[in-house]
Each structure stands twice: as C-alpha cells, then as structure tokens.
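Dear colleague,

I am handing over a structure for your consideration. My findings follow directly after it.

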There are 2 protein chains.
Amino acid sequence: MGPGPSLTYPEVYEAMARPTLGHLDPYFIEIMDGIKEMLQAVFRTKHSLTIPVSGTGSAGMETVLVNLIEPGDPVLIIINGVFGKRQLDIAQRLGAEADALEFTWGKPVDPDTVAQSLKNRKYKIVSMVHAETSTGVCNPAEEVGELVASRGDGAFYLLDTVTSLGGMEVDVDGWKVDAVYSGTQKCLSCPPGLAPVSFSQRAVDSIMNRRTKVPNWYLDMSMVANYWAGKKRAYHHTAPINMLYGLYQALYLVLDEGLEKVYRRHTRAHEHLVEGLEKLGMSMVVEPPYRLPMLNAVRIPEGIDDAEARKRLRYEHNIEIGGGLGDFAGKVWRIGLMGNTARPEHVDRLLKALKAII
Amino acid sequence: MGPGPSLTYPEVYEAMARPTLGHLDPYFIEIMDGIKEMLQAVFRTKHSLTIPVSGTGSAGMETVLVNLIEPGDPVLIIINGVFGKRQLDIAQRLGAEADALEFTWGKPVDPDTVAQSLKNRKYKIVSMVHAETSTGVCNPAEEVGELVASRGDGAFYLLDTVTSLGGMEVDVDGWKVDAVYSGTQKCLSCPPGLAPVSFSQRAVDSIMNRRTKVPNWYLDMSMVANYWAGKKRAYHHTAPINMLYGLYQALYLVLDEGLEKVYRRHTRAHEHLVEGLEKLGMSMVVEPPYRLPMLNAVRIPEGIDDAEARKRLRYEHNIEIGGGLGDFAGKVWRIGLMGNTARPEHVDRLLKALKAII
C-alpha cells in the first residue's frame with residue numbers, strides 16, 4: 001500500500017513464469033501486437049506509436065524528453081512535486097532552455113498562470129505531471145492540454161501518467177496529449193520494469209526530422225519503433241520478454257473488468273480510506289476536489305515517529321506504506337490504492353493496523 | 001538455441017513469480033546485496049560498484065559509455081562485428097571524438113594493430129567486445145587490457161561481456177577492465193531485462209568528477225549507486241523487483257554449479273555441436289582457436305533458403321536458431337549454447353532436426 005509497486009495480480013505472476021520466447025519469434029510478435037492494441041485502449045488513443053519501453057517509469061520520462069528535445073529548445077516544465085522537478089533535471093541535461101513554472105506542493109497547477117506563461121514565450125514543449133505521486137495532487141490535464149492546443153503555435157504537450165494510468169480517467173486523444181508515459185507497477189498492477197509510452201503523429205514526425213541524432217541509443221524511438229511497429233520488425237535490443245507477458249496479462253485484466261468499473265473501484269476505496277483516516281483524527285494534505293484516488297497523502301499525527309511507525313506497520317502488520325519525498329519527508333505518509341490494491345478489505349486492514357499503532 | 005534469450009532455468013521462473021516487494025523494503029535490500037556479491041564473483045572483481053542496471057544488455061552498453069564519455073573525449077572503439085559498431089554509434093551520439101579501429105568480421109582483433117593505434121593517439125577510453133554475438137568470435141580481452149594498462153596514460157578499458165559472462169572465463173580484475181557490462185538472457189539463463197555492470201574505483205572517481213552532468217538521468221551511476229550501494233539507499237527509480245528475484249536465483253545456480261564446471265559444460269556442448277555440424281557437411285565461420293563456445297556461427301549450406309529453413313526448425317521441431325546480422329545476413333546461422341541451453345541433449349536434438357531439413 002505504498003506509492004507503487006502495488007499488489008501484482010496472481011495471473012500476472014503466472015504469465016511472467018511462462019517459457020521465454022525469442023524476441024523475434026512469430027508468436028511473441030503476436031503478443032507485442034496485443035500489448036500495443038490494449039495500451040491504446042487504456043491510454044484512450046489512436047496513436048499508432050503506443051508501446052512499452054524496456055525500462056521502469058523513469059525510463060518512460062527519459063524517453064519522451066530525450067526524443068523530443070534538441071539542444072537549445074525552449075521547454076516549459078510545470079512543477080508541483082518531485083516528478084515535475086525530475087522532468088526539469090532531465091530537460092536541462094539534454095541542453096533545453098527550460099523554464100520552470102512552480103506551484104505549491106500539495107496544491108494543483110493553476111491553468112490561468114500556465115496561460116500567462118504561454119503568452120510570454122513560444123515553447124516547443126509544455127510538460128506536466130497528471131498525478132503527482134509525491135503529493136497526491138491531481139493536476140488539470142485536460143485544461144492545460146486545451147491551453148497548449150489553443151495557442152496554435154505547434155507546441156507539443158507532454159504528460160506524465162505514471163500513477164494515474166489504469167486508475168482514473170486518462171484520455172490522451174481527448175486531452176490533445178502529444179507524448180505520454182506511464183509505468184506498469186502502479187494501477188496496472190504488474191511488477192515494475194516497463195514504461196508504456198505513446199506519441200502523436202506530429203510528435204513522431206518531429207522525431208524523424210531531428211537536426212541531431214537522439215543522444216540515447218537505447219531509447220531512440222526512431223529505431224525502437226521499427227522493432228515494435230515496423231513492417232520488418234528489425235531487431236533493435238532484446239526485449240524483456242517475460243515482463244511483457246506480465247504486462248499483456250495485466251492489461252487484459254484491466255480491460256476485462258472495464259475501465260469505468262476499475263476507476264470506480266479506485267474512487268470507492270479512496271473514499272473509504274479517507275473516511276477511516278479522518279475518524280482516526282488524521283488530516284489529508286490535499287483539498288477534496290484535487291485528491292488522487294490512488295495516492296493518498298496524509299499528515300503524520302503529532303508525536304508519532306515516521307520511521308518507527310512504518311517499521312511497525314511492516315513488521316507487525318505486513319503492510320507497506322510510503323514516506324514523504326522531498327519537502328514532505330518526515331511530515332507525510334503516502335498510502336497507495338493502486339490497481340489490485342484498491343479494495344475495501346485492504347483499506348480495512350490498514351485502518352485497523354494504524355489504529356493499533358497511533 | 002538462438003543468440004539469446006537462452007532457456008531460462010525453471011527455478012528462475014519460480015523466483016520471478018514470488019510476491020512483489022517494495023523497492024525500499026528491508027528484505028528486498030538484502031536481495032540486492034546478495035545480487036551484488038554474486039555478480040562480483042561471476043565477473044571476478046572486487047569493484048564495489050557492481051550492480052545490475054534496469055534495462056536489457058544494450059542499456060548496459062549505454063550505461064558505461066554515457067557515464068564515462070564527455071563531449072570531445074578521445075575514444076578508441078575496436079570493431080569486428082555489430083556490437084562494436086553499436087558502441088561507436090553511441091559514443092558518437094555522446095559527442096566523443098571516436099576513432100574506429102576495424103577488423104574483418106569473423107576474425108579476432110589483432111593486439112599488435114591495437115598497440116599501434118595506442119601509440120598514435122592518447123585516448124581517454126579504449127573499448128572492445130569480448131564475445132562478438134554477431135560473428136561468434138572471441139577477442140583477446142586479456143591482451144588488450146594489458147596493452148591499455150601498459151601505456152600508463154590512465155586510459156579506461158571498457159569491455160562488452162554480454163555473451164561471454166557466465167559461459168567462459170571473464171576476469172575483470174585480472175584483465176584490468178575499468179568498465180564492463182553484460183546481459184541476463186545469455187549464459188546466466190535469466191530472461192532479458194537487466195544489465196549487470198561493474199566500474200573500477202578509478203572509473204567511479206572519474207564519473208564523480210565530470211565537468212558536465214551525465215546526459216542520461218535514468219542511467220546516471222552517480223545517483224543509481226546511491227540506491228544500490230549508498231548508506232541511505234536513497235530512492236532513484238523503482239527497481240524491476242521481480243526481474244531481480246530472477247537474477248538472484250540465476251546467479252545462485254551458476255555459482256552453485258561452479259564457474260569452472262559451467263565453463264567446461266559450455267566447451268563440451270560446443271565441441272559436440274561442431275563435430276555434428278561438420279558431419280553434416282557444414283563449415284564454421286570462425287577458425288578453431290577463436291571460436292566462442294556459446295555462439296556458433298556456421299555457414300548456411302548452398303541451396304538452402306535461410307528464412308524457410310529456420311521457419312521449419314521453429315514450426316516442425318520447436319527449435320529457434322538465429323540468422324546472420326549485418327554483413328552476415330542470409331549467409332550465416334548463429335546457434336546459441338548459452339547457460340541452461342548448453343547441454344548435449346539439446347545439441348543432439350538440433351543436429352537431428354538439421355539433418356531432416358538440409
């Protein structure tokens with residue numbers, strides 16, 4: 001019940017333990033095609049370049065930034081937590097002229113302020129985190145997408161959906177997102193190791209027409225795409241076969257349950273948790289309209305030792321929750337209700353354990 | 001029986017299907033420590049920065065190059081196959097002043113020619129592939145290491161051991177290797193998804209004293225090392241937990257059998273295969289002293305259609321072998337005898353199938 005990895009589905013473990021096929025085996029290529037199709041459904045996109053990258057969620061972040069940024073490119077990074085800061089760090093390493101637009105941690109991004117920034121400078125890329133795992137805040141992904149598109153200056157809209165994908169509405173096409181990445185270990189309830197990404201055709205064209213080669217061979221989408229989507233399925237690097245079996249199965253389970261039903265299950269578990277935490281006298285960090293269902297940031301009660309309490313939860317009750325990151329370290333706990341973890345029985349067990357401890 | 005992935009050990013599948021722990025869980029940290037210790041044994045090194053990177057073998061190549069190269073650095077890349085070429089491509093993307101020293105495909109690197117190149121220019125890095133997966137050639141890793149060290153000009157020696165590690169002698173400390181990478185899906189017989197790497201203290205010091213930040217956040221060893229080896233085990237990215245369970249188990253099995261015994265098993269399977277192929281009238285690409293035991297390049301017999309024959313092997317006999325890469329496409333088959341695949345019964349089954357087909 002931390003900020004991910006979540007509880008893996010038993011069927012996903014079974015899938016991962018199936019015999020390892022070759023990365024060019026015709027049956028494995030069918031599995032790859034199934035994954036692409038199911039990822040399109042979960043991301044709600046028709047983008048043909050929708051694939052899992054061979055690394056964890058942060059490799060997804062690296063992928064969208066390294067493929068779209070060239071040295072000197074003006075980039076706006078909207079920040080209200082650790083993962084926005086990480087985007088800024090990566091953009092700077094890649095030589096972007098990166099402007100940081102910072103908001104208070106625990107509060108949502110304000111679209112009016114973003115609109116003002118977009119008037120002041122023409123950006124190639126505008127990037128934001130949808131669900132900030134470090135604070136539990138849901139940012140206005142649709143509104144910011146509309147703002148970027150309405151400028152009509154061709155800027156690409158990048159969105160981090162590591163924590164939101166598969167747990168709440170993500171609508172890549174509806175929100176006009178040009179490049180998006182996620183992880184497998186949150187609401188998809190597959191172990192960590194893969195990063196689903198999706199690029200609009202406009203973004204793909206931009207990658208294919210770069211002035212410079214992508215300074216990252218492993219994550220160069222112009223080559224990776226040939227393996228995942230090209231007619232010849234040209235070998236690039238050996239794909240993580242068994243992890244991909246797991247992702248196939250996880251996507252199947254999410255879509256089989258139905259996206260709307262899955263979202264509702266997350267919302268209900270979240271409401272049940274908040275009610276219970278408040279009964280224990282604890283207070284949530286984020287105001288109700290902006291709370292993420294799958295990542296619940298709650299203030300550590302006065303007089304309670306952070307590390308000691310989490311140790312007791314782990315050893316006496318077999319439950320993991322997350323500590324605070326960055327500015328929230330030592331002040332906040334992060335309780336994950338992601339994918340297979342988002343069930344009332346897990347919430348009840350945690351509340352009982354917390355009651356015994358605090 | 002292709003060039004990897006090899007046949008995964010059954011115990012590795014079982015390990016990978018164990019419940020996903022958190023990446024900061026104390027028990028998982030014990031598993032990480034076990035992996036580091038076993039990797040040191042397999043690499044034959046005391047280097048403390050010896051860890052698996054969260055990506056496949058090519059991410060290991062990217063890791064050693066991106067951490068050690070800064071723009072303008074003079075680098076010598078020794079090339080006699082696809083993977084040497086890949087090193088060159090990455091080094092150039094990173095802005096190195098890269099000199100390519102090319103040798104004929106299917107022939108080993110000649111140390112005298114390397115010695116001459118080292119006299120002509122002072123390099124920061126000299127890089128070579130130990131076992132060229134594209135040709136089946138074993139390069140003189142020890143001799144080149146001695147040459148680089150004997151120059152006394154502080155150059156770093158980089159070695160690719162993707163295909164050799166765990167299947168034949170690799171002696172990182174004895175060969176004076178400063179940075180080495182491998183993959184899990186070859187002679188370690190774990191599915192693809194992780195890249196073991198090791199850096200000498202001198203290489204680590206160089207990384208810590210770079211003029212510029214590593215232009216790759218995900219693979220920046222100065223941060224990754226804090227998570228894997230630092231006192232505080234600071235979160236960097238979410239590690240691929242279940243893949244790491246698999247690697248732990250695979251390393252355990254290799255060391256339990258004993259490195260020397262494992263190497264002998266590879267050599268015997270290789271000799272058995274070559275004898276059988278020659279009886280079928282087929283000829284090996286590489287001269288006997290330079291043949292890799294785990295990657296056997298054999299000329300496709302006259303009149304045999306490459307794709308058709310491999311298709312029949314796959315569908316009629318359930319056996320995968322590899323086609324040729326680059327200059328060898330359509331001319332050569334690559335037969336893998338890696339890790340758990342390197343057993344006489346597999347060789348017999350392949351020989352029988354080949355006899356039926358050609």
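How many cavities of 30 Å³ or more does the structure hold? There are 7 of them. Please bear in mind throughout that this is a predicted model.

**The largest cavity**

The largest cavity has a volume of about 130 Å³. Its lining comprises 14 residues, and those lying nearest the centre are G57(A), S58(A), F83(A), V162(A) and Y235(B). By character, the lining residues fall into 5 nonpolar, 6 polar and 3 charged. Two helices of chain A, helix 3 (57-68) and helix 4 (82-93), supply at least two lining residues each. Helix 3 of chain A gives the most, with 3 residues.

**K186(A)**

The UniProt record, an unreviewed entry, places the feature "modified residue: N6-(pyridoxal phosphate)lysine" at K186(A). This lysine is located in the loop of chain A that runs between strand 8 (179-181) and strand 9 (195-199). Is K186(A) buried or exposed? K186(A) has a relative accessible area of 6% and is therefore classed as buried, the cut-off being under 20%. Setting aside neighbours within four places in sequence, K186(A) is in contact with P3(A), G4(A), S6(A), T133(A), V162(A), T163(A), M338(A) and G339(A). One of these contacts, V162(A), is also among the residues nearest the centre of the largest cavity. As to polar atoms, one in the side chain of K186(A) lies 2.5 Å from the backbone oxygen of P3(A).

**R334(A)**

UniProt, again in an unreviewed entry, has a "binding site" annotation that covers R334(A). The residue belongs to strand 11 (residues 332-336) of chain A, and at 6% relative accessibility R334(A) counts as buried. Not counting residues up to four places away in sequence, R334(A) touches a set of chain A residues that includes M1(A), G2(A), P3(A), T133(A), S134(A), L295(A) and N296(A). The set also includes I321(A), G322(A), G323(A), G324(A) and L325(A). P3(A) and T133(A) are thus contacts of R334(A) and also of K186(A). Which backbone oxygen does the side chain of R334(A) reach at 2.8 Å? It is that of T133(A).

**N80(A)**

N80(A) sits in the loop between strand 2 (74-79) and helix 4 of chain A; helix 4 is one of the helices named above in connection with the largest cavity. With a relative accessibility of 2%, N80(A) is counted as buried. The side chain of N80(A) reaches the backbone oxygen of K107(A) at 2.8 Å, and makes a polar contact with the side chain of N139(A) at 3.0 Å. Beyond four places in sequence, N80(A) touches residues including F103(A), T104(A), W105(A), G106(A), P108(A) and V109(A). E132(A), T135(A) and V137(A) are also among the residues that N80(A) touches.

**T238(A)**

Which residues does T238(A) touch, not counting those up to four places away in sequence? They are H23(A) on chain A, together with P5(B), T56(B), Q185(B) and P192(B) on chain B. T238(A) lies in the loop of chain A between helix 8 (221-228) and helix 9 (241-257). T238(A) is buried, with a relative accessible area of 6%.

Yours sincerely

Terms used:
Residues are numbered from 1 along each chain as its sequence is written. Chains are lettered from A and ligands numbered from 1 in the order in which they are written. This is a predicted model: local features need pLDDT of at least 70, side-chain atom pairs count only at pLDDT 80 or more; totals for chains, interfaces and linings use all residues. Side-chain values use heavy atoms; hydrogens and water are left out. UniProt positions are given in the numbering used here, feature names are shortened, and annotations may be inferred rather than shown by experiment. Helices (H or I, at least four residues) and strands (E, at least two) are DSSP runs, numbered from the N terminus. Buried means under 20% relative accessible area, exposed over 50%, partly exposed in between (1.4 Å probe, protein chains only). Contact means heavy atoms within 4.5 Å. A polar contact is a pair of N or O atoms within 3.5 Å; within protein, one must be able to donate a hydrogen and the other to accept it, and residues adjacent in sequence count only if both atoms are side-chain atoms. On a 1 Å grid over the protein atoms alone, a cavity is a set of points where a 1.4 Å probe fits but cannot get out, and a pocket is an open set with protein on both sides within 12 Å along at least five of seven lines; lining residues have an atom within 4 Å of a point. Grid points are joined across faces, edges and corners, and a volume is the space filled by probe spheres set on the points. Ala, Val, Leu, Ile, Met, Phe, Trp, Tyr, Cys and Pro count as nonpolar, Asp, Glu, Lys and Arg as charged, and the others, Gly among them, as polar.
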